[in-house]
Amino acid sequence: MSWRKPILILLALLLAGIAITWLNVGRTDIDAIEVELRAWEAPSKRARNVDDAVLKMLDRQWFSTELRIRLDKPERQILLAPLQVDECEVSQIEYERFVEWATSRNQSDAEPPDWLASASTGHRSAGRLNSPASGVSFRGASTYCRSVGGRLPMVEEMEAIARGRQGRLYPWGNDFNDTAWPFTEPDRNAQQPCRTHPTTGTPLGVQDLANNVMEWTAGTTAPTLLTGPGQIPVFGAPPVRINARDLYALSAAWLPVSSEIQSHHLGFRCVYEDPPPPVLPWGTPAGSTVLLEGGDYTVGLPAQARVTQFVTALPPDSDVSLAKLVLSTEKSLGRLRADRCEVSRNDYAKFLADPLVNAGLYANDNEPAGHSHEPMNWSKQKEDLYFPVTGISWWSADAFARWSGGRLPTSEEWRAIAAGTEKRLFPWGDTYDAAIATTGDDAAGRLAKCDSKTNDITPGGIRHLGGNVSEWTRSVTIDAGTVAMWVQGGNWMLPGEETTRTTFSRKVPINHQTETIGFRVVYD
């Protein structure tokens, strides 16, 4: 019959289409590795105390830029000479006597210069002249200490005084003690006489190192920890901070500030390389001092506090749920399988050949009409199909991931894969080497194939997370009023030292296509 022939032809075409689709649909040769996403609990109680305090602040969204700077203090060893240190911070009345004495020696000055005068003279808000001097400039504090036969301490000396040979987290021990912050009005916590809270002193009797006012130091032996020129470290917790006091009070959590400031919450004490005189130059008895023995001391936050180390290295504008990323408890983000390598041009060519892809079956619901999945310079890229595919928009990466039976990782997941349970600073470890990853540090500037000779490999075997191509994630943000996606990792054109860090990310418009961005897929 005449109707049979068209039907047979239609059935043949349908069967042929099914056969083609069966051969092409999905990704049949997935090369993925299972990875653990959680960070294991720190092995020491000291490190757990720090990590858990950081996580608490992340959960409450109270982790500030100031805390990030204060906690970016890697553990290191220092050698110190013996010192005598003031038991108490210099009091307001003692500083005012010093100003009168210093001014009287220079008859040409009727009033002390601004740098010498205390901005808190009289402590008018509390009337307590026996509470710490504050509003004192760095130059004024330095001059006072020289006048009494001493000097301002280095910040490492202050930390050693607070921590002792035992390496305590706080001057009094490893557990936070909040008795030195009794007032709901924060300013009043900066106006308490010495020895008001003896339980927060050191075992040898040095008082108020973590509370009352912050204190000027002479500088640091590690200038790379400063965040700008002309800065001086100040030691101790700011009394006005109500939240996260257990982090601000850490002996390692000092802050670099401008040497020009005069703050009502900033005072000082002196140290002495030789025994100080019993009477001060203006005739009043000198205060008590405590001996710091010379020798080796540990400063900085515990190396085992990996969560804290990782968080302080994150970019300040990261729009990610850090608490989920850096869990240090038994809670877990779970396990994922992740592509061992970035998606290759060969894999992407199979994706483009699938009729169901062309029919829009794997497209994101919000994909712009008429969007093409063909990469930039595709003809050129096809000349060697075993390099990673580049020049594709986020929409195409998302569609490929669906076609593969997986999805793009979130920014948190990508970083967790790269950093591992150890929270590594680089995918391969904690030390940068320009020869490890494929980055712009190589003057030749070229992409690498998956199994090329490189040490840009996690201990679990995931390759090229540090360099080669940057990678799309599914984490969305807003940049300058437009939708953007977080892109993770460095690439073959960017300098490597910062961009290969597991914490490096940047915002890229969702429609952007470039020869430096590719992707990989994860599978639940």
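Colleague: How many disulfides does a search of the whole structure find?
Modeller: This is a predicted model, and the bonds discussed here are taken from its atoms as they stand. When the whole structure is searched, the number of disulfides found is 3.

Colleague: What pattern do the disulfides of the protein chain follow?
Modeller: The bonded cysteines are counted along the chain, and each bond is then written as a pair of those counts. Read in this way, the disulfides of the protein chain give the pattern 1-3, 2-4, 5-6.

Colleague: Which cysteine forms a disulfide with Cys88, and how many residues apart are the two?
Modeller: The sulfur atom of Cys88 lies 1.9 Å from that of Cys194, and the two form a disulfide. This pair links distant parts of the chain, with Cys88 in the loop between β3 (83-86) and α4 (92-104) and Cys194 in the loop between α6 (155-163) and β4 (214-216). The partner is therefore Cys194, and the separation is 106 residues.

Colleague: Is Cys194 buried or partly exposed?
Modeller: Buried means under 20% relative accessible area, and exposed means over 50%. Cys88, with 18%, is buried, whereas the relative accessible area of Cys194 is 22%. Cys194 therefore falls between the two cut-offs and is partly exposed.

Colleague: Why is the disulfide of Cys145 and Cys270 left-handed?
Modeller: Cys145 and Cys270 form a disulfide with their sulfur atoms 2.1 Å apart. The handedness follows from the torsion about their S-S bond, and the disulfide is left-handed because that torsion is about -85°.

Colleague: Where in the chain is Cys270, the partner of Cys145?
Modeller: The pair links distant parts of the chain, 125 residues apart, and Cys145 is in helix α5 (residues 138-147). Cys145 counts as buried at 0% relative accessibility, and Cys270 counts as buried at 0% as well. As for its place in the chain, Cys270 is in the loop between β7 (266-267) and β8 (271-272).

Colleague: Which cysteine does a disulfide join to Cys341, and is that partner buried or exposed?
Modeller: The disulfide from Cys341 leads to Cys450, with an S to S distance of 1.6 Å. Cys341 is in the loop between β11 (335-339) and α10 (345-353), while Cys450 is in the loop between α14 (411-419) and β12 (470-479), 109 residues apart. Cys341 is buried at a relative accessible area of 11%. The partner is Cys450, and at 19% relative accessibility Cys450 counts as buried.

Notes: Residues are numbered from 1 along each chain as its sequence is written. This is a predicted model: local features need pLDDT of at least 70, side-chain atom pairs count only at pLDDT 80 or more; totals for chains, interfaces and linings use all residues. Side-chain values use heavy atoms; hydrogens and water are left out. A disulfide is a pair of cysteine sulfur atoms within 2.5 Å. Helices (H or I, at least four residues) and strands (E, at least two) are DSSP runs, numbered from the N terminus. Buried means under 20% relative accessible area, exposed over 50%, partly exposed in between (1.4 Å probe, protein chains only).
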